[in-house]
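Me: I would like to learn how to read a protein structure, one feature at a time. Could you walk me through this one?

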Amino acid sequence: MSNTDIEIVVEDPTAPEADSPAVASTGVVEVVVSLLLLALALTLGWDNWRTGAAWDSTGPQAGYFPFYLSVILGAASLYGLATAFLSRKEASETFVTRAQLRRVMAVFVPTLLFCLATQFLGLYVASFLLIAAFMRMVGKIALWKSLLTAFVFTAVMFVTFDIAFDVIMPKGPLEAAFGY
Amino acid sequence: MEAFGLLMHGFAVLLTWKTLLLMMVGLVLGIFVGVLPGLGGPNGVAILLPLTFTMDPTSAIVMLSCIYWGALFGGAITSILFNIPGEAWSVATTFDGYPMAQQGKAAEALTAAFTSSFIGSLVAVLLITFLAPMISSFALKFGPPEFFAVYLLTFCSFVGLGREAKHKTVISMSLGLLLAGVGMDTVSGQLRMTFGSTDLLRGINFLVAVIGLFGISEILLTMEERLALRGHAAAISLRVVLSVWKDLPKYWVTLLRSSFIGCWLGITPGGAIAASFMGYNLAKRFSKDPDGFGKGRIEGVFAPETAAHASGTAALLPMLALGIPGSGTAAILLGGLMVWGLNPGPLLFVEHKDFVWGLIASMYLGNVVGLVLVLSTVPIFASILRVPFAAVAPMIVVSCAIGAYAIQNAMFDIWLMLGFGVVGYVFKKIGIPLAPFTLALVLGSRAEDAFRLSMIGSGGDMKVFWSNGLVGSISTLAIVLLFWPAIDKAFGGVTRLLRPAKTVS
């Protein structure tokens with residue numbers, strides 16, 4: 001194989017370090033998830049019992065089917081909890097390293113802020129801010145490229161959904177100023 | 001012959017400039033989502049679903065199914081050129097596809113992948129054409145107990161035949177079924193599991209859950225890894241295509257075997273992942289040169305791609321005929337049908353003939369057009385990977401939010417999508433499968449209705465699920481599949497006991 005065959009190369013300057021310490025093990029996360037699912041099963045089970053999980057003159061009550069599903073979910077979660085405690089292999093496996101978590105947070109936090117901004121500023125302004133800020137701050141892409149990409153993408157979305165396909169998205173003060 | 005006539009009618013419905021244009025748009029979008037890291041067939045279909053809300057059902061489903069075919073084709077590009085399987089079922093394709101690319105035979109590998117995808121899909125579509133109407137007309141005789149037994153069979157086979165830990169599949173499935181019941185009870189009108197929230201009155205829309213579970217979680221997972229790529233550029237010439245096609249008859253056994261495996265595992269919920277690996281392993285096992293596999297054999301590309309695509313396509317058969325999707329993507333397509341007020345299942349073949357046969361015709365046409373399109377545009381799509389992920393990721397997030405909001409015009413759904421994104425990320429990392437969750441969420445209310453109607457009809461007697469030969473057989477099969485691992489182990493033990501005896505004789 002000649003080297004000229006390799007033509008597409010994309011580097012990742014922010015790649016997570018391979019030797020980053022573990023933040024949590026898979027075993028611990030399995031225990032936490034099992035406990036949360038167990039709590040959910042108990043809550044939903046209680047709510048369905050309250051709604052009515054027995055029979056009346058018309059047949060099974062509204063909570064009948066979901067109540068027994070809550071029981072199944074609770075039992076499977078308990079089994080999962082026991083397995084997570086007993087499994088040595090999973091207890092030693094890394095769920096996420098510190099470097100990986102930092103990168104996941106670099107997406108999650110802006111997404112969370114984007115949802116919040118959508119509520120107050122409308123979807124299109126929030127989209128513009130998310131794309132421009134993410135490209136600039138996380139991707140270290142030139143400011144003009146980030147702003148231009150964010151503007152073009154947001155404009156294309158607006159034209160496609162709100163105008164061409166008549167799918168109305170949440171609007172904010174900026175769109176209101178333009179009469180939308 | 002009746003099926004053939006109806007299929008021709010389907011082509012007549014389909015062959016309008018508007019539908020053909022939508023087909024092309026769907027295919028291009030599909031290849032695009034297949035190539036992009038952090039997206040794939042199910043995510044692409046779910047995210048782009050709102051685009052189809054204002055279309056008529058036939059145009060909409062044609063576009064959505066073409067997104068699906070396109071994504072399947074697109075996945076092979078990254079597997080072969082970059083050794084990055086876009087989907088789990090593309091893993092087996094990398095075993096021989098990437099070594100072929102390293103040997104300077106990327107064009108041959110890509111042609112082989114696209115052609116075998118086409119063959120696999122074609123065999124499955126032929127099966128759908130002739131089998132689906134028969135199954136659906138048979139299913140017209142079903143009552144609530146039979147339908148519940150079929151749902152039970154689907155759920156049990158996911159638990160019994162799935163590769164994941166059984167309790168994790170049960171968790172995923174029961175959680176999906178529970179969330180499907182949130183909101184107003186369709187029979188009594190009573191509110192349940194809403195805890196006083198007005199937003200939960202509408203229930204949890206499964207498309208919102210899917211966008212979060214697949215779209216947002218995939219972005220989080222993709223971001224976690226190193227995003228550097230080093231791969232091959234490839235352009236496919238007509239000469240290469242013709243030379244690969246000339247050799248096709250040599251591999252007819254492999255293609256036929258993989259198609260059969262794919263169709264079988266697509267109809268039963270074995271799935272495309274199992275099909276691709278089984279196709280690859282059997283091709284290796286029956287090959288005269290098994291040691292050559294993994295070093296760049298074209299057969300190693302033909303086998304998994306044919307099986308995976310046959311499986312992906314065949315998964316639409318139970319969806320159309322019975323209203324029970326055979327895969328996660330089929331479940332999303334089924335959700336799409338429900339958005340347009342269509343009720344997938346046996347009645348669809350009676351009440352919406354134009355729609356069903358238009359869809360089946362689009363499977364033929366979409367695959368032919370997709371094959372031509374993908375063969376001629378590989379360099380363009382491969383170069384998409386040069387776009388930095390930091391630009392792609394926020395655009396996918398925005399597309400997900402638009403998709404989630406558009407379904408019910410509710411801001412709450414955007415928050416719900418984010419929540420499901422985190423759930424999907426954690427579930428994927430600890431091995432809780434998401435496909436049973438999706439399936440349960442989409443089938444939950446139908447399964448509950450069938451169960452309640454059966455119970456009301458029988459006065460609460462569970463024997464109704466064994467009240468005649470048909471429902472009894474399906475229910476028994478469901479129980480057998482639920483305990484399949486234990487039964488298999490028991491039979492495995494017997495096999496082990498027999499093996500030395502055979503050797504001695």
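Me: Is Pro304(B) buried or exposed, and how do I decide?

Reply: Look at the relative accessible area: under 20% counts as buried. This is a predicted model, so keep in mind that each value is computed from predicted atoms. Pro304(B) has a relative accessible area of 0%, so this proline is buried.

Me: Where does Pro304(B) sit, and which residues does Pro304(B) touch?

Reply: Pro304(B) belongs to helix α13 of chain B, which covers residues 299-314. Leaving aside residues up to four places away in sequence, Pro304(B) touches Ala92(B), Thr93(B), Ser276(B), Tyr280(B) and Glu299(B). Sequence distance and distance in space are separate things to check: Phe95(B) is 209 residues from Pro304(B) along the chain, yet their C-alpha atoms are separated by 9.9 Å.

Me: Let's try a whole helix. How do I check the span of helix α4 of chain B?

Reply: Count the residues and compare the expected span with the distance between the ends. Helix α4 of chain B (residues 57-82) has 26 residues, so at 1.5 Å a residue the helix should span 38 Å. Its end C-alpha atoms are 37 Å apart, which agrees.

Me: How many residues of α4(B) are buried?

Reply: In α4(B), 25 of the 26 residues are buried, so the helix is mostly covered. Here is a general idea to keep beside that: an α-helix has 3.6 residues a turn, so residues three or four places apart point the same way.

Me: What follows α4(B)?

Reply: Asn83(B) does, and its phi is positive, near 60 degrees. That deserves a second look because most residues other than glycine have a negative phi.

Me: Where else can I see a positive phi in a residue other than glycine?

Reply: One case is Met193(B), with phi near 55 degrees. Met193(B) is in the loop between β2 (191-192) and α9 (206-224) of chain B. Another case is Asn409(B), whose phi is about 50 degrees. Asn409(B) lies in the loop between α18 (389-408) and α19 (411-430) of chain B.

Me: Is Met193(B) buried or exposed?

Reply: Met193(B) is buried, at 2% relative accessible area. Asn409(B), for its part, counts as partly exposed at 48%.

Me: On to charges. How many salt bridges does the structure hold?

Reply: There are 14 over all chains. To read one, find the two charged side chains, then ask where each sits. Asp56(B) pairs with Lys18(B), the closest N and O atoms being 3.5 Å apart. This pair links distant parts of the chain, 38 residues apart: Asp56(B) is in the loop between α3 (41-48) and α4 of chain B, and Lys18(B) is in helix α2 (residues 17-35) of chain B. Asp56(B) is partly exposed at 33%, while Lys18(B) is exposed at 51%.

Me: Which parts does the salt bridge between Glu218(B) and Lys428(B) tie together?

Reply: In that pair, the closest N and O atoms are 2.7 Å apart. Glu218(B) lies in helix α9 and Lys428(B) in helix α19 of chain B, so the bridge ties together parts that are 210 residues apart in sequence. Glu218(B) is partly exposed at 26%, and Lys428(B) is partly exposed at 27%.

Me: What other salt bridges can I look up in chain B?

Reply: Try Asp289(B) and Arg297(B), whose side chains meet at 3.2 Å, N to O. Asp289(B) is partly exposed at 36%, and Arg297(B) is partly exposed at 22%. There is also a network of salt bridges that links Asp185(B), Arg192(B), Glu448(B) and Arg452(B).

Me: How do I read the place where chain A and chain B meet?

Reply: Begin with contacts and area. Here 76 residues of chain A are in contact with 73 residues of chain B. The two chains bury about 6,500 Å² between them, 77% of it on carbon and sulfur atoms.

Me: How many salt bridges and polar contacts are there between the chains?

Reply: The count is 1 salt bridge, and 8 residue pairs are in polar contact. The salt bridge joins Glu30(A) to Lys168(B), the closest N and O atoms being 2.8 Å apart. Elements that give two or more residues to the side of chain A that touches chain B include α1 (26-52), α2 (64-86) and α4 (98-121) of chain A. By class, that side has 48 nonpolar, 19 polar and 9 charged residues.

Key. Residues are numbered from 1 along each chain as its sequence is written. Chains are lettered from A and ligands numbered from 1 in the order in which they are written. This is a predicted model: local features need pLDDT of at least 70, side-chain atom pairs count only at pLDDT 80 or more; totals for chains, interfaces and linings use all residues. Side-chain values use heavy atoms; hydrogens and water are left out. Contact means heavy atoms within 4.5 Å. Buried area is the accessible area (1.4 Å probe) that two parts lose on being put together, summed over both. A salt bridge is a side-chain nitrogen of Lys or Arg within 4 Å of a carboxyl oxygen of Asp or Glu. A polar contact is a pair of N or O atoms within 3.5 Å; within protein, one must be able to donate a hydrogen and the other to accept it, and residues adjacent in sequence count only if both atoms are side-chain atoms. Helices (H or I, at least four residues) and strands (E, at least two) are DSSP runs, numbered from the N terminus. Ala, Val, Leu, Ile, Met, Phe, Trp, Tyr, Cys and Pro count as nonpolar, Asp, Glu, Lys and Arg as charged, and the others, Gly among them, as polar. Buried means under 20% relative accessible area, exposed over 50%, partly exposed in between (1.4 Å probe, protein chains only). The expected span of a helix is 1.5 Å times one less than its number of residues.
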